[in-house]
Amino acid sequence: MERSLETQVDQAVEAWLRWVPRWEPATHRGRVAPCRRCLGSPILSAAGIGANAPHGVQHGLSTRMKTIVDHAVAEYTARNLPMLQRELDQQAARNRARTYRPADDLDPEFDGLPLDPEPVPGAPFLFTIAGLADDESAALPPLPPLTDEAKAALRQEVALADEYANMVGREICGILLRHRIRIQAAISQHVEPQIEAMLAELTQSLDSPFDPDVP
């Protein structure tokens with residue numbers, strides 16, 4: 001890699017720290033389905049971000065770390081896994097053939113999140129962004145079929161890529177341990193006061209059942 005893994009993690013953490021002061025609590029309805037990228041993430045645990053932190057705060061960091069892992073695996077694959085690389089190249093060419101790619105070039109805070117809001121019961125969407133993207137993907141020709149031998153070899157290379165990704169992830173966790181204090185301090189300074197203010201406002205807007213002045 002052109003930059004060391006430690007440098008990449010340091011720069012990603014710095015970018016997240018610059019973003020955190022701009023975070024604000026979401027005003028829309030939360031999603032029912034948990035985020036598979038953030039739920040139980042060892043990277044977030046190493047960074048000292050607890051499960052009670054707002055998901056947007058978690059997602060901004062976990063996505064930045066995932067990008068580092070993805071780039072490292074891509075380099076490893078290009079060097080060592082020719083069959084998997086060929087499959088990825090074919091899939092990339094197929095994706096480039098789509099003129100509508102709504103998930104491309106999203107900021108880290110939004111990358112990987114659902115493209116559409118949760119539906120409201122009784123109020124179906126006329127169309128969805130994800131649905132439009134799926135319709136265009138379905139119109140593209142399928143990838144060439146593989147023989148059984150090729151499938152077995154591809155599965156082996158995928159397993160090697162997964163193993164390498166896990167190794168890089170463990171190294172990132174070790175590097176993040178050195179950033180825990182700054183990460184937690186940023187949450188305490190910029191995130192927790194907003195949560196406390198929101199809870200205080202909610203409390204003031206509720207009638208107390210024990211207040212004798214309330215009819």
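Angles under 35 degrees count as roughly parallel, over 145 as roughly antiparallel, 65 to 115 as roughly perpendicular, and the rest as oblique. The model treated here is predicted.

**Exercise 1. Fold inventory**

Task: State how many helices and strands the protein has, and what share of its residues is buried.

Solution.
- Step 1. Count the elements: the protein has 7 helices and 0 strands.
- Step 2. Read them from the N terminus: the order is α-α-α-α-α-α-α.
- Step 3. Turn to burial. Of the 215 residues, 29% are buried.

**Exercise 2. Two packings on helix 6**

Task: Classify how helix 1 and helix 3 are each oriented against helix 6.

Solution.
- Step 1. Take helix 1 (residues 5-19) and helix 6 (residues 148-176). Their axes lie 10 Å apart, at an angle of about 60°.
- Step 2. Apply the cut-offs. Roughly parallel needs an angle under 35 degrees, and roughly perpendicular begins at 65. Helix 1 and helix 6 are therefore oblique to each other.
- Step 3. Add the hand. The crossing of helix 1 past helix 6 is right-handed.
- Step 4. Take helix 3 (residues 55-80). Its axis comes within 9 Å of that of helix 6, and the two cross at roughly 140°. Helix 3 is thus oblique to helix 6.
- Step 5. Add the hand again. Helix 3 also makes a right-handed crossing with helix 6.

**Exercise 3. Salt bridges across the sequence**

Task: Describe the pairs Arg 37 with Asp 111 and Arg 64 with Glu 109, and say which parts of the chain they link.

Solution.
- Step 1. Recall the principle. Side chains of opposite charge can pair when their charged atoms come close.
- Step 2. Set the cut-off. A salt bridge needs a side-chain nitrogen of Lys or Arg within 4 Å of a carboxyl oxygen of Asp or Glu. The count by this rule is 5 salt bridges.
- Step 3. Check the Arg 37 pair. The closest N and O atoms of Arg 37 and Asp 111 are 3.9 Å apart, and the two form a salt bridge.
- Step 4. Place its ends. Arg 37 sits in the loop between helix 1 and helix 2 (42-47), and Asp 111 in the loop between helix 4 and helix 5, so the pair ties together parts 74 residues apart in sequence.
- Step 5. Grade the exposure. Arg 37 is partly exposed at 24% relative accessible area. Asp 111 is partly exposed at 26%.
- Step 6. Check the Arg 64 pair. Arg 64 and Glu 109 meet in a salt bridge at 2.7 Å, N to O. Arg 64 lies in helix 3 and Glu 109 in the loop between helix 4 and helix 5, so this pair links distant parts of the chain, 45 residues apart.
- Step 7. Grade the exposure. Buried means under 20% relative accessible area. Arg 64, at 13%, is buried. Glu 109, at 10%, is buried.

**Exercise 4. A salt bridge within one helix**

Task: Explain how Asp 70 and Lys 66 are placed relative to each other in helix 3.

Solution.
- Step 1. Establish the contact. The side chains of Asp 70 and Lys 66 form a salt bridge at 2.7 Å, N to O.
- Step 2. Use the spacing. Asp 70 and Lys 66 are 4 residues apart in helix 3, so about one helical turn separates them.
- Step 3. Grade the exposure. Asp 70 is partly exposed at 37% relative accessibility. Lys 66 is partly exposed at 33%.

**Exercise 5. A nonpolar surface patch**

Task: List the members of the nonpolar surface patch, then locate Leu 126 and grade its exposure.

Solution.
- Step 1. List the members. They are Tyr 100, Leu 106, Phe 110, Leu 115, Leu 126, Phe 127, Ile 129 and Leu 132.
- Step 2. Give the area. Together these residues have about 780 Å² of accessible area.
- Step 3. Locate Leu 126. It lies in the loop between helix 4 (82-96) and helix 5 (129-138).
- Step 4. Grade it. Exposed means over 50% relative accessible area. Leu 126 has 87%, so it is exposed.

**Exercise 6. C-alpha distances**

Task: Give the C-alpha separations for Glu 14 with Arg 182, Ile 68 with Ala 12, and Pro 141 with Arg 94.

Solution.
- Step 1. Glu 14 belongs to helix 1 and is partly exposed at 29%. Its C-alpha is 9.8 Å from that of Arg 182, 168 residues away along the chain.
- Step 2. Ile 68 lies in helix 3 and is buried at 6%. Its C-alpha is 8.6 Å from that of Ala 12, at a sequence separation of 56 residues.
- Step 3. Pro 141 lies in the loop between helix 5 and helix 6 and is exposed at 59%. Its C-alpha is 8.2 Å from that of Arg 94, 47 residues apart along the chain.

Conventions. Residues numbered from 1 in each chain as written. Predicted model: local features only at pLDDT ≥ 70, side-chain atom pairs only at ≥ 80, totals over all residues. Heavy atoms only, no water. Patch = residues over 30% accessible without salt bridge, like charges linked within 9 Å, V, L, I, M, F, W, Y side chains within 5 Å. Areas by Shrake-Rupley, 256 points an atom, 1.4 Å probe, with all protein chains shown as cover. Buried < 20%, exposed > 50% of the residue type's maximum accessible area, 1.4 Å probe, protein only. Axes fitted to C-alpha atoms, helices over the stretch in contact; angles between N-to-C directions. Left-handed = near helix turned anticlockwise from the far one by under 90°.
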